[in-house]
Amino acid sequence: MAETFEPKNIIVTGGCGFIGSNFVHHVVREHPEVHVTVLDKLTYAGNPENIAGLPVDRVELVVGDICDAELLDRIVPGHDAIVHYAAESHNDNSIADPEPFVQTNVVGTFRLLEACRKYDVRYHHVSTDEVYGDLAIDDPARFTEETPYKPSSPYSSSKASSDMLVRAWTRTYGIRSTISNCSNNYGPYQHVEKFIPRQITNIIDGIRPKLYGDGKNVRDWIHTEDHSSAVWTILTKGRIGETYLIGADGEKDNITVLRAILKAMGKPEDDFDWVRDRPGHDRRYAIDSTKLRTELGWQPQHTDFESGLEATIAWYREHEDWWRPAKAATEAKYAKQGQ
Ligand SMILES: NC(=O)c1ccc[n+]([C@@H]2O[C@H](COP(=O)([O-])OP(=O)(O)OC[C@H]3O[C@@H](n4cnc5c(N)ncnc54)[C@H](O)[C@@H]3O)[C@@H](O)[C@H]2O)c1
């Protein structure tokens, strides 16, 4: 299918975070005609090192808040699209203190939509499958674009709210938007607070990994590079006003993932400790991405989870300078929560 939209000058919000920075690398590598302005507040989760070394004539970093309407008035004109990744993204943090989640995820999205309305800029909204709540472990169903919203946590409810704003601004004001809801990502540059990097870096540090609850919670894993190619496909070929689910058929329960990490790192597969479960912990997520695959012709490329995991482990071993500064504070926070 021919590309219908050919952006040349895009804003990527949250481009110094995990998935946003992987997307910036993807665009620089795959789309040499595109200039990227990264708008990032550099919270604890944002690290300019994630995009350091990319050509300065291709990528510009603006440090600022997506909630700052005056800043948006200065930088949005002249761009032809905003790809919105910036968010407070960690469920556990949202339970401890939900306010920044409402501010950044809901108010921030509102500000971006208003800027798109004012300057007639196309908008792609990056969201999560967590807006759909969870499925029972033994339920054969998977989420589709038609699944009703049923978010469980402050994080997922703030993302669900932001999705609703996008739909309303599209319908009411004619914003040219698309939405994607993706499953759990893994890969390089993911903060050590998240499940896979936390386990890898604990093992590197000689600390026994910790597993929530009974370890049976199922997540649908996708390599972040596949998420990037899917977002680019939707931005350039997706139909305005449509939602596309992104997934790579990577359902695995947490104990299987942890055992795979232990095995790949040369440890006995039972060398971990159980910890108290997170309140409201969703049981199972599973994505049916048929619409994206059939309508837009997208296919994931990194579907061998074990080799993707090995490459990710190698990345964390080789980039200790990158994750080490955040490790002690992250573990101190978990220790306070008894996790
Ligand atoms: N991590 C996943 O598995 C996953 C899955 C599906 C969807 N998503 C979505 O993808 C997006 C990125 O997730 P991530 O895991 O890379 O998150 P992350 O926490 O690693 O990065 C978030 C980035 O946003 C920036 N940011 C936060 N508040 C900001 C603000 N007010 N203004 C400007 N920048 C701000 C941070 O500095 C950081 O660079 C989020 O919207 C998330 O909901 C994540």
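## Around the ligand

A backbone N or O atom of L42 sits 3.4 Å from an oxygen atom of the ligand. G17 does something similar, with a backbone N or O atom 2.9 Å from a ligand oxygen, and for I19 the distance is 2.7 Å. Keep in mind that this is a predicted model.

The ligand has 28 residues around it, and those that come nearest are I19, D40, S89, Y155 and K159. Two of these names, Y155 and K159, come back in helix 5, where both are buried. I19 turns up again too, as a contact of N185.

## N185 and its neighbours

Is N185 buried or exposed? At 6% relative accessibility it falls under the 20% cut-off, so N185 counts as buried. N185 is part of strand 7.

Its side chain has polar company. One partner is the backbone oxygen of S183, reached at 2.9 Å. Another is H227, whose side chain makes a 2.8 Å polar contact with that of N185. Setting aside neighbours within four places in sequence, N185 touches F18, I19, Q190, W221, I222, T224 and H227.

## Helix 5

Helix 5 runs over residues 154-173, which makes 20 residues. At 1.5 Å a residue they should span 28 Å, and the end C-alpha atoms are indeed 28 Å apart.

Which residues of helix 5 are buried? They are Y155, S156, S158, K159, A160, S162, D163, V166, W169 and T170. The elements covering these buried residues include helix 3 (91-96), helix 4, strand 5 (122-128) and strand 6 (177-182). After the helix comes G174, with a positive phi near 75°.

## Helix 10

Now for helix 10, residues 305-318. With 14 residues at 1.5 Å each, the expected span is 20 Å, and the distance between its end C-alpha atoms agrees at 20 Å. At the start of this helix, a side-chain oxygen of D304 comes to within 3.2 Å of the backbone nitrogen of E306.

The buried residues here are F305, G308, L309, T312, I313, W315 and Y316. Looking down the axis of helix 10, you would find them within an arc of 155°, so they line one face of the helix. The spacing fits a simple rule: an α-helix has 3.6 residues a turn, so residues three or four places apart point the same way. What do the buried residues of helix 10 pack against? The list is strand 7 (185-186), helix 6 (195-204), strand 12 (251-253), helix 8 (254-264) and helix 11 (320-336). Strand 7 is also where N185 lies.

## Salt bridges across the chain

How many salt bridges does a search of the whole structure find? The count is 21. One of them pairs D73 with K118, with N to O at 3.0 Å. These two come from distant parts of the chain, 45 residues apart: D73 belongs to helix 2 (residues 69-75) and K118 to helix 4 (residues 99-119). D73 counts as partly exposed at 31% relative accessibility, while K118, at 54%, counts as exposed.

R324 and D205 form another salt bridge, their closest N and O atoms being 2.7 Å apart. R324 is in helix 11 and D205 is in the loop between helix 6 and strand 8 (210-212), so the pair ties together parts that are 119 residues apart in sequence. Both ends count as partly exposed: R324 at 33% relative accessibility and D205 at 29%.

## Two loops and a network

Next up is the salt bridge between the side chains of R283 and D214, at 3.3 Å from N to O. Here both partners are in loops: R283 in the one between strand 13 (273-275) and helix 9 (290-296), D214 in the one between strand 8 and strand 9 (218-220). The pair therefore ties together parts that are 69 residues apart in sequence. R283 has 29% relative accessibility and counts as partly exposed, and so does D214, at 35%.

Finally, some salt bridges join up. R239, E242, K291 and E295 are linked in a salt-bridge network.

How values were computed
Residues numbered from 1 in each chain as written. Predicted model: local features only at pLDDT ≥ 70, side-chain atom pairs only at ≥ 80, totals over all residues. Heavy atoms only, no water. Helix = DSSP H or I, 4+ residues; strand = E, 2+ residues; numbered from the N terminus. Expected span 1.5 Å × (residues − 1). Buried < 20%, exposed > 50% of the residue type's maximum accessible area, 1.4 Å probe, protein only. Arc of directions from axis to C-beta. Contact = heavy atoms within 4.5 Å. Polar contact = N/O pair within 3.5 Å; in protein donor to acceptor, adjacent residues only side chain to side chain. Salt bridge = Lys/Arg side-chain N within 4 Å of Asp/Glu carboxyl O. Near = heavy atom within 4 Å.
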